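This briefing sets out computed features of one protein chain, grouped by topic. The sequence and structure come before the discussion.

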Amino acid sequence: MPGISERVLILQLREMEASGLVHREVYHQVPPKVEYSLTDFGQSLNTAMAPLGEWGEEHMERIESLPR
């Protein structure tokens with residue numbers, strides 16, 4: 001993800017894991033490997049987020065023109 005530090009990304013993923021939104025799978029190998037996947041609880045957010053994504057797509061031009 002552009003614009004986000006590895007530390008912040010890890011903190012966010014750990015928070016989502018603690019909330020039960022994602023599952024963290026650690027593979028003990030060299031080099032170390034970690035995979036994240038959505039839990040059923042996390043998947044259930046798709047129902048809530050889909051309309052928000054559609055709204056964003058419909059208004060993308062206006063959103064992109066906002067000052068930053």
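Val 22 counts as buried because its relative accessibility is 10%, under the 20% cut-off. Val 22 belongs to strand E1, and its C-alpha atom lies 8.2 Å from that of Phe 41, a residue 19 positions away in sequence. The model in which these values were computed is a predicted one. Across the protein, buried residues account for 7% of the 68 residues.

**Overall architecture**

- The protein contains 4 helices and 2 strands.
- Read from the N terminus, the order of these elements is α-β-β-α-α-α.
- The radius of gyration of the protein is 16 Å, whereas a compact globule of 68 residues would have a value near 11 Å.
- Along the principal axes, the C-alpha atoms occupy a box of roughly 45 × 25 × 15 Å.

**Strands E1 and E2 and the loop between them**

- Strand E1 covers residues 22–27 and strand E2 covers residues 33–38, with Pro 31 in the loop between them.
- The peptide bond that leads from Val 30 into Pro 31 is cis, and its omega is near -5°.
- Gln 29 is also placed in the loop between E1 and E2.
- Gln 29 counts as partly exposed because its relative accessibility of 40% falls between the 20% and 50% cut-offs.
- The C-alpha atom of Gln 29 is separated by 21 Å from that of Arg 14, which is 15 residues away along the chain.

**Charged side chains**

- Which side chains meet in a salt bridge? Those of Glu 35 and Lys 33 do, with an N to O distance of 3.2 Å.
- This contact qualifies because 3.2 Å is within the 4 Å cut-off between the side-chain nitrogen and the carboxyl oxygen.
- The count for the model is 1 salt bridge.
- In general terms, side chains of opposite charge can pair when their charged atoms come close.
- Glu 35 has a relative accessible area of 35% and is therefore partly exposed.
- Lys 33, with a relative accessible area of 34%, is likewise partly exposed.
- The charged end of Lys 33 also sits over the ring of Tyr 27, at 5.1 Å from the ring centre.
- Lys 33 thus takes part both in the salt bridge with Glu 35 and in the contact with the ring of Tyr 27.

**Aromatic rings**

- A pair of aromatic rings is described by the distance of the centres and the angle of the planes.
- How many aromatic pairs does the count give? The count comes to 0 aromatic pairs.

**Nonpolar surface patch**

- A nonpolar patch on the surface is formed by Leu 45, Met 49, Leu 52, Trp 55, Met 60, Ile 63 and Leu 66, which together have about 650 Å² of accessible area.
- Helix H3 (45–58) and helix H4 (60–64) are the elements that contribute two or more residues to this patch.
- Which element gives the most to the nonpolar patch? H3 does, with 4 residues.
- Trp 55, one of the patch residues, is located in helix H3.
- Trp 55 is partly exposed, because its relative accessibility is 47%.
- That value is also over the 30% cut-off that patch residues have to pass, so Trp 55 meets the accessibility condition for the patch.

**Helix H3 and the loop before it**

- Ser 44 lies in the loop between helix H2 (40–43) and H3.
- Ser 44 is partly exposed, because its relative accessibility is 42%.
- Ser 44 and Leu 21 are 23 residues apart along the chain, and their C-alpha atoms are separated by 9.2 Å.
- Ala 50 is placed in helix H3.
- Ala 50 has a relative accessibility of 37% and so counts as partly exposed.
- The C-alpha atoms of Ala 50 and Asp 40 are 16 Å apart, and the two residues are 10 residues apart along the chain.

Terms used: Residues numbered from 1 in each chain as written. Predicted model: local features only at pLDDT ≥ 70, side-chain atom pairs only at ≥ 80, totals over all residues. Heavy atoms only, no water. Phe/Tyr/Trp six-rings, centres within 6.5 Å; stacked < 30°, edge-to-face > 60°. Lys NZ or Arg CZ within 6 Å of the ring centre and 35° of its normal. Patch = residues over 30% accessible without salt bridge, like charges linked within 9 Å, V, L, I, M, F, W, Y side chains within 5 Å. Areas by Shrake-Rupley, 256 points an atom, 1.4 Å probe, with all protein chains shown as cover. Buried < 20%, exposed > 50% of the residue type's maximum accessible area, 1.4 Å probe, protein only. Rg over C-alpha atoms; globule rule 2.2 N^0.38 Å.
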